[in-house]
Amino acid sequence: MGAHDLDASVKRIAADIAAMETRGAAAIADAAADALRQQAKHSDAETPDAFRAELRAAARRLLETRPTAVSLPNALRYVLQRMNGDSVETLRRNTVAGAEEFRTRLDHAQADLGRVGANRLRDGDRIMTHCHSTDVLACVETAREQGKEVSAIVKETRPRNQGRLTAERLVELGVDVTLIVDSAARRYLNDVDHVLVGADAIAADGSVINKIGTSGLAVNARDRGTPIVVAAQTIKLDPDTMTGNLVEIETRDESEVIDRPDREAIGDISVENPAFDVTPPRYVDAIVTERGQFPPESIVALMRELFGEAVADPWIESRPSTEFGGDEQ
Ligand code: RUB
């Protein structure tokens, strides 16, 4: 492996994230930290500068995979901030240790978050879910360990049907599951005690960026008086939004929405496939993190505490902003 070469495992992990073999904000962060660990471990760079250049190139490759989950740049930043030392061996040791520490903290944060979220769930409660969030599942898992009966209305989450993954996992946890199509959600909102969703990013004003359909669900839940709770580890807080940057909303290929023969049979149409949307803070009742529960409007104080320094860290150039973000979509 020469200078600036990417380790095969970095290429594989990046390809898996891009193809959504690895998906969900927490899993993406974990995989990215692992990729930097492997790059550091296998690097045959001969100088500290070459080693640092290799790790930054690996981080750039990983960053290009998917734009919305802020856990990805946050994970990369965490590891690269620990890439200190005067020799290749010290750099390697510190980078590997930083990546391992990140992954352990991620695990612990999710378990702690699960305990916080489980406090909101009472015996016999019914939740409604959207997409597949391991942070949400951690809350349900802890509630079940506490002996609480929980049932769930699970939205299938077109176009990729991540709701089926949620249904499978909830069944493993002993939850009584009813799967519905997305457009049936409003009909069932009177029958649920909480809407419980995850997040790919939380902006400084408390807006929640999550799988497309979350914002409409939140508006309907508010209309029906059903609390909407977001389970999101602090790795989902987006420090760039403290300085006014917007979160980029990924748009994906139209083939996820309709296949080519069907599209051609219809005639001349456009197809759009935004993967995420923005739920304004006024529709969110609480954000559950490993540090406790917060009303969305107060999340900025936590962001300042956690990311004060990171914002000044120049390694990741500001991500591009788009016309999206900051209001209902
Ligand atoms: C996944 C998604 C999840 C969040 C949170 O979208 O929107 O709700 O990433 O997941 P995709 P977690 O399937 O497009 O990656 O709680 O596991 O981090």
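Why does the ligand lie between domain 1 (8-109) and domain 2 (119-328)? Keep that in mind as you click through this predicted model.

Start by colouring the two domains separately and showing the ligand. Both domain 1 (8-109) and domain 2 (119-328) give residues to the shell around the ligand, so the ligand lies between them.

Next, select the shell itself. There are 18 residues around the ligand, and R23, S133, T134, N210 and K211 come nearest. Colour the shell by class and you get an even split: 6 nonpolar, 6 polar and 6 charged. Now switch to cartoon and pick out α2 (25-42), α6 (134-145) and β6 (208-211); each of these supplies at least two residues of the shell.

Zoom in on the ligand's oxygen atoms. At R23, a side-chain N or O atom sits 2.5 Å from a ligand oxygen. Then look at the backbone: an N or O atom of A25 is 2.9 Å from an oxygen of the ligand, and a polar backbone atom of D135 is 3.0 Å from a ligand oxygen. Turn on the surface here, too: on its own the ligand has 460 Å² of accessible area, and the protein covers 99% of that.

Last stop: the empty space. The structure holds 1 cavity of 30 Å³ or more, and the largest cavity has about 50 Å³ of space in it. To find the largest cavity, select P159, R160, Q162, K211, I212, R252, E256, N273, P274 and A275, which line it. By class, that lining has 4 nonpolar, 2 polar and 4 charged residues. You've already met one of them: K211 lines the largest cavity and is among the residues that come nearest to the ligand.

Technical notes:
Residues are numbered from 1 along each chain as its sequence is written. This is a predicted model: local features need pLDDT of at least 70, side-chain atom pairs count only at pLDDT 80 or more; totals for chains, interfaces and linings use all residues. Side-chain values use heavy atoms; hydrogens and water are left out. On a 1 Å grid over the protein atoms alone, a cavity is a set of points where a 1.4 Å probe fits but cannot get out, and a pocket is an open set with protein on both sides within 12 Å along at least five of seven lines; lining residues have an atom within 4 Å of a point. Grid points are joined across faces, edges and corners, and a volume is the space filled by probe spheres set on the points. Ala, Val, Leu, Ile, Met, Phe, Trp, Tyr, Cys and Pro count as nonpolar, Asp, Glu, Lys and Arg as charged, and the others, Gly among them, as polar. A residue is near a molecule or strand if one of its heavy atoms lies within 4 Å of it. A polar contact is a pair of N or O atoms within 3.5 Å; within protein, one must be able to donate a hydrogen and the other to accept it, and residues adjacent in sequence count only if both atoms are side-chain atoms. Accessible areas come from the Shrake-Rupley method with a 1.4 Å probe; for residues, only the protein chains shown count as cover. Helices (H or I, at least four residues) and strands (E, at least two) are DSSP runs, numbered from the N terminus. Domain bounds come from an automatic or database domain assignment.
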